[in-house]
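Work through the exercises below with the sequence and the coordinates open. Try each task before reading its solution.

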Amino acid sequence: MSRKSSDNDYSLRSMSNLMGERRKKVNDDGERSLIKAPSNASINSQAVPANAATATSTGDLEREARKQFQQDVTPAFVYVLAAFSALGGFLFGYDTGVISGAMLLLKREMNLSALWQEVLISSTVAAAALSALAGGFLNGVFGRRVCILLASFIFTSGGIVLSAAPDKEVLLVGRLIVGLGLGIASMTVPVYIAETSPPHLRGQLVTVNTLFITGGQFTASIIDGAFSYLRHDGWRYMLGLSVVPAVLQFVGFLFLPESPRWLIQKGLTQKARRVLSQIRGNQNIDEEYDSIKNSIEEEEKDCGGDGPVIWRMLTYPPTRRALLVGCGLQMFQQLSGINTVMYYGATILQMSGVRDDKLAIWLAGVTAFTNFLFTLLGVWLVERVGRRKLTLGSIIGTCLSLSLLAIGFLLSAQHTPPVTLHPTDPSMVNSTCNRHLLCEPCMLDPACGFCYRENSTALFASSCVPVNTASTEKAAWGRCSNSTQLRVHTYWAYNYCPTSYSWVVLLGLVLYLAFFAPGMGPMPWTINSEIYPLWARSTGNACSAGVNWTFNFLVSLTFLHVAQNLTYYGAFFLYSSLALLGFFFIYGCLPETKGRRLEEIESLFDNQLCSCGATDSDEDRQVEYIRVKGSNYHLSDNDASDVE
Ligand SMILES: O[C@H]1[C@H](O)[C@@H](O)[C@H](O)[C@@H](O)[C@H]1O
């Protein structure tokens with residue numbers, strides 16, 4: 001929606017009133033004498049005469065205004081809302097993260113085939129993709145609060161079913177239920193936080209949701225590590241513990257309000273006013289309320305046409321462009337391979353010489369922790385450098401570190417150890433394993449593993465033998481078929497090859513997370529929560545979250561097959577090229593949304609898609625907020641019209 005001139009006039013008046021009051025106060029106090037600024041000018045320093053005293057005074061004034069803004073404490077209630085909502089993010093992270101550790105115990109206890117393991121892992125992601133799409137409809141009709149309540153109720157039921165599951169079929173039902181909750185929560189929570197936050201905190205608070213996702217993944221790895229020592233029923237605790245945050249969120253949301261924007265859209269204006277003043281503390285909400293209401297009215301005229309929201313979005317150019325950008329961002333987030341790193345982190349670590357399973361589980365926790373830590377950096381950066389620069393910097397770093405990971409795997413493959421022992425067991429005759437002369441092809445063959453001995457200086461007595469069909473943790477026969485024997489310097493490598501280039505892989509992994517987590521991790525969620533006008537917000541977020549889950553499903557399901565056909569380094573070079581493609585897409589198509597009111601953002605998509613690279617200068621405007629009598633205003637350093 002384009003900015004309305006009446007808003008501008010009003011805002012400029014408010015701003016100059018503020019300036020007047022401040023000038024008067026300073027003069028009355030006799031502390032400083034300020035030179036009078038033009039009555040309706042912005043308080044930007046370039047608009048004021050360039051004499052030194054004026055500059056200093058204006059600088060003081062600006063500083064004071066900023067100080068006032070900073071001291072003008074954001075009501076704690078906004079943080080409470082964000083924290084309770086972000087429990088949805090925590091559950092997202094916990095439920096997707098906990099399954100890898102639980103699976104190690106489950107496959108032994110329930111004797112799960114590889115197919116069942118795959119089904120149990122990916123069913124949740126597939127269900128999430130579908131329910132995210134349905135969540136758009138539910139959000140529009142019932143509101144954000146009811147959807148969050150519904151999601152936490154579903155998470156609670158899923159957790160109970162999983163922890164009590166007597167067999168694998170019930171486990172599957174539990175995983176599907178959890179997936180339904182995930183889809184709804186993942187698309188509703190960012191929207192709810194964005195709609196209740198004041199604009200200057202919006203980016204940060206929505207990014208906190210992704211911090212909770214990575215926090216959930218990290219917590220899941222700790223819980224996995226801790227309960228992996230409980231050989232019997234450990235998985236019940238791992239899967240069941242998600243009930244705790246789910247119940248907490250459910251109870252919390254019984255007392256929390258609906259999004260004021262949704263209420264206004266539904267014509268519940270009195271209630272919306274009450275909620276808005278509740279979440280803005282004692283501040284004056286008139287302007288914010290009026291501006292939301294006006295924009296909604298104007299949007300309703302503008303978006304025109306009848307028919308389903310998705311159709312109206314696709315036929316109205318600004319929302320069509322926003323949808324393309326939103327879905328593109330989510331697609332490239334997943335195509336950059338984050339979940340191969342999250343799900344297969346333990347394998348990557350095993351390659352670098354960690355042979356003990358339990359240690360690998362704990363070290364996968366280190367990967368999750370790194371992801372969490374660098375997402376924290378994203379929370380700090382998002383309002384400082386803006387969404388666009390953060391995402392661009394992140395994806396280019398992601399692309400380079402994926403190449404480094406690939407180079408690490410390439411070096412390992414080039415120096416892969418040879419097979420030196422060729423056992424003559426009769427079952428080898430029909431096996432593909434006796435054809436492999438090197439570890440690399442042997443390890444990439446799902447039917448075989450590499451069995452070897454190692455002393456402090458060298459690797460010897462290596463063979464490529466069939467894997468035990470019941471468990472990939474041992475060979476079908478021979479030295480590596482017995483876990484006790486495995487301890488005496490004999491090792492079984494099913495999905496890795498011993499290598500001395502593991503440090504390159506490890507460095508690549510750490511750099512990957514350091515670049516991905518602050519930008520490409522959270523920004524697709526944050527940006528999607530802001531770029532659609534209210535009438536299209538639920539549907540836009542439902543579609544983009546659906547795209548995220550669908551590509552998550554595709555990438556994680558195909559990773560092992562891609563690695564098998566292209567090798568590990570081929571797979572990571574592929575993700576790196578996809579990230580490069582993502583860089584060009586983001587460079588061309590993503591406008592800066594930092595500092596804008598949600599109602600203003602639509603106008604950023606008025607121009608042809610992918611012309612953002614050309615308008616970078618616009619993004620260089622330094623937009624800051626000051627708060628005047630409870631409403632937020634831009635303080636811009638080079639554009640008077642930004643003060644509104
Ligand atoms: O933003 C999140 C986050 O980066 C997670 O670590 C990842 O597992 C999710 O798939 C992604 O959507």
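**Exercise 1: a helix and its patch**

Helix H4 supplies the largest share of the nonpolar patch, 3 residues. Helices here are DSSP runs of H or I with at least four residues, strands are runs of E with at least two, and both are numbered from the N terminus. The model is predicted: local features need pLDDT of at least 70, side-chain atom pairs count only at pLDDT 80 or more, and totals for chains, interfaces and linings use all residues. Residues are numbered from 1 along each chain as its sequence is written, and side-chain values use heavy atoms, with hydrogens and water left out.

Task: describe the patch, then the helix H4.

Solution.
- Step 1. Phe137, Val141, Phe142 and Val146 make a nonpolar surface patch of about 380 Å². Patch residues have over 30% relative accessible area and no salt bridge; nonpolar side chains (Val, Leu, Ile, Met, Phe, Trp, Tyr) are joined within 5 Å, like charges within 9 Å. Accessible areas come from the Shrake-Rupley method with a 1.4 Å probe, and for residues only the protein chains shown count as cover.
- Step 2. Val141 is placed in helix H4.
- Step 3. H4 covers residues 114–142, 29 residues in total. From first C-alpha to last it reaches 40 Å, close to the 42 Å expected at 1.5 Å a residue. The expected span is 1.5 Å times one less than the number of residues.
- Step 4. H4 has a kink of about 30° centred on Ser122. The bend at a residue is the angle between axes fitted to the seven residues ending there and the seven starting there.
- Step 5. Gly143, just after H4, takes a positive phi of about 95°.

**Exercise 2: a bent helix and a long-range link**

Task: how far apart are the end C-alpha atoms of H21? Then find the salt bridge partner of Arg537.

Solution.
- Step 1. H21 (residues 534–589) has 56 residues, yet its end C-alpha atoms are only 21 Å apart. A straight helix would reach 82 Å at 1.5 Å a residue.
- Step 2. A kink of about 110° in H21 is centred on Leu566.
- Step 3. The whole structure holds 8 salt bridges (a side-chain nitrogen of Lys or Arg within 4 Å of a carboxyl oxygen of Asp or Glu).
- Step 4. Arg537 meets Glu195 in a salt bridge at 2.5 Å, N to O. The pair links distant parts of the chain: Glu195 lies in helix H6 (residues 168–196) and Arg537 in helix H21, 342 residues apart.

**Exercise 3: the sheet**

Task: what is the strand order, and which strands are at the edges?

Solution.
- Step 1. The order is E2-E1-E3, in an open sheet of 3 strands with antiparallel pairing. Two strands pair if DSSP finds at least two bridges between them.
- Step 2. Strand E2 (459–466) and strand E3 (490–493) are the edges, each pairing on one side only.
- Step 3. E1 (residues 448–454) and E2 pair over 6 bridges. They form a hairpin with 4 residues between them.
- Step 4. Cys451 has Ser463 in E2 as its bridge partner. Glu454 stands opposite Leu459 in E2.
- Step 5. Ala461 is in strand E2. It has a positive phi of about 50° although it is not a glycine.
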